[in-house]
Amino acid sequence: MAKPESKKIFFENLSGAGKAIAVLTSGGDAQGMNAAVRAVVRMGLYVGAKVYFIHEGYQGMVDGGENIVEASWESVSSMLQVGGTVIGSARCKEFRSHEGRLKAALNLVKQGITNLCVIGGDGSLTGANLFKEEWSGLLAELVEQGSIEADAVSKYSALHIVGMVGSIDNDFCGTDMTIGTDSALHRIIEVVDAIMTTAQSHQRTFVLEVMGRHCGYLALVSALACGADWVLIPEMPPEDGWEDKMCRKLSATRSRGTRLNIIIVAEGAIDRHGTPITSGIVKDLVVKRLGFDTRVTILGHVQRGGTPSAFDRVLASRMGVEAVLALLETTANTPACVVSLCGNQLVRLPLMECVQMTQEVQRAMDGKRFEEAVKLRGRSFENNLKTYKLLAHRKPESELPTSNFNVAVLNVGAPAAGMNAAVRSAVRVGISEGHKMFAVSDGFEGFYKGQIREVKWADVGGWTGQGGSLLGTKRTLPAKHVDKIAEQMREHKINALLIVGGFEAFESLLQLCEARATHEEFCIPMCMLPATISNNVPGTDLTIGADTALNAIVETCDRIKQSASGTKRRVFIIETMGGYCGYLASVGGLAAGADAAYIFEEPFDIKDLQANVEHLTQKMKTGIQRGLVLRNENCNENYTTDFIYQLYSEEGRGVFDSRKNVLGHMQQGGAPSPFDRNFGTKISAKAMQWVTKKLLETFRHDEGRVFANTEDSCCLLGMRRRALVFQPVVDLKGETDFVHRIPKEQWWLKLRPLMKILAKYKTSYDVSDSGQLEHVVRDRPKESDASVAM
């Protein structure tokens with residue numbers, strides 16, 4: 001892909017005047033579809049295009065009439081938090097026929113629509129591409145029939161298609177995540193967490209069946225997120241004799257004192273011979289062979305329901321805006337494309353390349369080429385499978401390598417959801433690599449006091465779903481205690497350090513790196529995993545814990561807004577955490593549908609506050625009932641939450657009343673989200689593999705010790721756009737504002753105009769990073785794998 005030009009391009013240059021865009025949802029519904037529809041409508045209207053809803057998917061396109069209606073700004077209000085699709089979805093046999101597509105073409109031409117935004121699965125997108133290919137022929141046929149005038153053929157000569165994948169199964173090749181997958185994982189994990197408490201009470205085994213007729217993504221990732229004992233998926237059927245292996249594993253888990261077992265089965269699970277493995281078969285097997293009290297829970301359509309997660313709302317909103325931009329830029333020769341997620345970046349890929357690869361997966365599975373099927377699913381899926389195997393299946397002591405290295409793990413800074421998943425992953429991967437793993441309690445304060453103990457495989461069982469920090473964490477920095485810390489490292493013969501934490505962890509690693517000059521004990525491989533709800537660590541786009549905090553903010557905002565339904569017009573002022581970093585306020589605002597978000601990184605004055613009040617006043621007069629304003633806790637020392645609340649109360653008098661809410665530490669608590677569990681688990685596993693590599697590289701055989709004092713042996717592992725990168729912490733100093741404890745450049749600031757556009761502000765949106773059309777890459781190089789997103 002060519003790099004975007006350094007100059008900024010603003011979408012005012014891409015006029016949508018005279019264009020008509022239609023949006024439809026097709027196939028199975030998925031949470032987040034409404035957020036995508038909302039973004040398409042509002043972005044389309046913003047650039048001056050006419051936007052239409054097509055109700056009931058392709059059926060509505062074929063039937064026409066009242067199914068195709070023009071959308072207004074207000075028609076997509078209050079739909080962001082609604083699950084499913086409010087414009088309806090239906091499977092349409094008629095559209096599969098030539099006659100059906102001819103009717104659909106006529107209905108589109110009647111409205112002057114030549115731009116289609118299709119939200120659905122591979123079947124829906126394949127149908128859209130066929131429609132595009134037949135378009136000119138369909139118009140010629142309509143002219144022959146006398147249904148349209150001859151000049152309509154030239155006027156509406158090309159049909160432009162942009163797709164977004166809405167599917168809870170995440171079964172579409174070319175994108176790391178589809179709209180709805182994260183929300184479905186939320187539903188599954190909520191059920192698993194609830195079941196684990198009752199299973200523990202009665203010493204039961206639970207077999208959970210999750211959706212995924214042809215794709216095991218939901219089963220695999222939920223197994224990774226809850227630490228399930230066994231998982232069965234269609235892409236990688238178990239070897240013959242799996243029944244014995246599974247029963248031995250369950251027995252071994254119970255013999256170590258665990259009171260429950262969790263087995264997750266994808267509904268399409270099969271054995272190596274293609275015979276289905278159902279949840280009932282698994283239950284009967286466990287009861288017959290082990291005699292365990294076993295229950296089956298089939299989640300079914302619960303996974304499709306409920307409100308979309310913060311991740312899905314943001315993803316769908318970003319994709320919806322990108323889809324409109326793609327439609328504005330299309331020419332007659334542009335192939336139908338699909339907006340995809342690669343790491344943390346949106347890309348445009350040729351639709352049929354993605355569909356063909358998706359179909360190749362099924363062909364590989366039908367041909368029992370299961371290794372190939374896993375590879376075709378993409379590196380994200382492959383990594384999930386490898387990580388699950390690494391963490392769930394303990395090798396016998398006799399098979400473990402003996403490295404004789406001691407590795408210490410500790411948490412530093414404020415607690416963040418997902419820290420425990422990262423520690424569990426580090427301990428188990430470390431043991432699998434042959435290391436002795438040591439846990440340090442209470443950060444560097446516990447380190448210099450000698451609160452260090454060896455941890456075994458079973459010691460971290462059940463940690464994945466626990467919030468906070470089970471190791472204990474403190475904000476204490478090591479600089480004042482380097483002598484005592486060095487002494488403890490000598491005493492416990494620590495050969496490597498893994499630090500999980502936020503900005504304090506970053507500062508700590510810098511201090512330890514500097515201490516190498518005076519203390520050889522710190523001349524060892526050291527790695528940091530960024531974990532903080534504030535997402536304010538340099539060197540990474542995302543930190544462990546930020547997603548859980550975002551979900552807490554969004555769920556609370558939904559409830560707060562709902563509290564005003566049926567009452568008079570009301571504006572809520574909500575204060576979020578984050579220190580000086582405005583990530584939670586900005587991205588939370590985008591996910592919750594806020595009208596404004598005040599942050600430190602974007603200075604504002606009394607005129608801006610007044611303009612926001614006037615804007616809200618105008619919206620209220622057009623029939624909008626509720627307003628939402630977010631404020632980062634440190635955005636301005638004078639314009640406090642109380643000040644803004646009083647200003648809005650006074651200036652909005654007679655039009656709306658105001659309420660304020662400080663969310664506080666509820667953003668830091670709670671069980672980690674599926675995203676944070678998996679993000680923590682996978683980057684921790686990657687970090688431990690890096691540690692092992694560095695230990696082997698820096699071990700001096702003649703001296704019998706590890707000696708690492710180069711800058712690249714003291715790193716932070718972060719996600720940068722599409723890549724997971726190990727970066728020397730000294731290189732990140734220049735990227736950091738130490739006074740305000742934030743990175744100097746932050747990617748999410750480019751999302752702020754998107755939030756403003758969707759709230760009907762006149763602003764500019766920098767599209768210099770907007771996706772150019774790329775091609776599906778079968779095998780990405782390892783260093784470019786940022787698919788840890790899920």
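Reply: Let's start with the burial scale: buried means under 20% relative accessible area, exposed means over 50%, and partly exposed is whatever falls in between. This is a predicted model, and glutamate 703 makes a handy first case: its relative accessible area is 40%, so it counts as partly exposed.

Me: Which residue forms a salt bridge with glutamate 703, and how far apart are the closest N and O atoms?

Reply: The general idea is a distance test: a Lys or Arg side-chain nitrogen has to come within 4 Å of a carboxyl oxygen of Asp or Glu. Here the partner is arginine 705, with the closest N and O atoms 2.6 Å apart. Arginine 705 has 28% relative accessibility, so on our scale it is partly exposed.

Me: Which residues do salt bridges with shared partners join into one network?

Reply: Arg475, Glu504, Glu507 and Arg741 are linked that way into one network. Across the protein, the rule gives a count of 38 salt bridges.

Me: How do I read a salt bridge inside a helix? Say, where do glutamate 190 and arginine 187 sit?

Reply: Check the sequence spacing, then the burial of each end. Both belong to helix 6 (residues 181-202), and because they are 3 residues apart there, about one helical turn separates them. Their closest N and O atoms are 3.6 Å apart, and they form a salt bridge. The two ends fall into separate burial classes: arginine 187, at 11% relative accessibility, counts as buried, while glutamate 190, at 44%, counts as partly exposed.

Me: And which parts does the pair of glutamate 514 and lysine 733 tie together?

Reply: Start with the bridge itself: those two side chains meet at 3.9 Å, N to O. Glutamate 514 is in helix 17 (residues 503-515), and lysine 733 is in the loop between helix 23 (729-732) and strand 26 (736-737), so the pair ties together parts 219 residues apart in sequence. As for burial, glutamate 514 is exposed, with a relative accessible area of 53%, and lysine 733 is partly exposed at 37%.

Me: Let's leave charges for a moment. Is isoleucine 277 buried or exposed?

Reply: Apply the same scale: its relative accessible area is 4%, so isoleucine 277 is buried. Its place is in the loop between strand 8 (261-266) and helix 9 (279-290).

Me: What is isoleucine 277 in contact with, leaving aside its neighbours within four places in sequence?

Reply: Here you look for heavy atoms within 4.5 Å. Beyond that local stretch, isoleucine 277 is in contact with Leu232, Pro238, Trp242, Val265, Ala269, Ile270, Asp271 and Val282. You can also compare sequence and space: isoleucine 233 is 44 residues away along the chain, yet the C-alpha to C-alpha distance to isoleucine 277 is 9.3 Å.

Me: Zooming out, how many helices and strands does the protein have?

Reply: There are 24 helices and 27 strands. The radius of gyration is 27 Å, close to the 28 Å that the globule rule gives for 790 residues, so the protein is as compact as a globular protein of that length. Its C-alpha trace spans about 90 × 70 × 50 Å along the principal axes, and buried residues make up 62% of the 790.

Me: How many positive and negative side chains does the protein have, and how far apart do the centres of the two sets lie?

Reply: Count each set, then compare the centres: 90 positive and 91 negative side chains, with centres 3 Å apart. As for surface, about 29,500 Å² is exposed, and carbon and sulfur atoms supply 48% of it.

Terms used:
Residues are numbered from 1 along each chain as its sequence is written. This is a predicted model: local features need pLDDT of at least 70, side-chain atom pairs count only at pLDDT 80 or more; totals for chains, interfaces and linings use all residues. Side-chain values use heavy atoms; hydrogens and water are left out. Helices (H or I, at least four residues) and strands (E, at least two) are DSSP runs, numbered from the N terminus. The radius of gyration is taken over C-alpha atoms; the globule rule is 2.2 Å times the number of residues to the power 0.38. Buried means under 20% relative accessible area, exposed over 50%, partly exposed in between (1.4 Å probe, protein chains only). Accessible areas come from the Shrake-Rupley method with a 1.4 Å probe; for residues, only the protein chains shown count as cover. Lys and Arg count as positive and Asp and Glu as negative; His and the chain ends are not counted. The place of a charge is taken as NZ of Lys, CZ of Arg, CG of Asp or CD of Glu.
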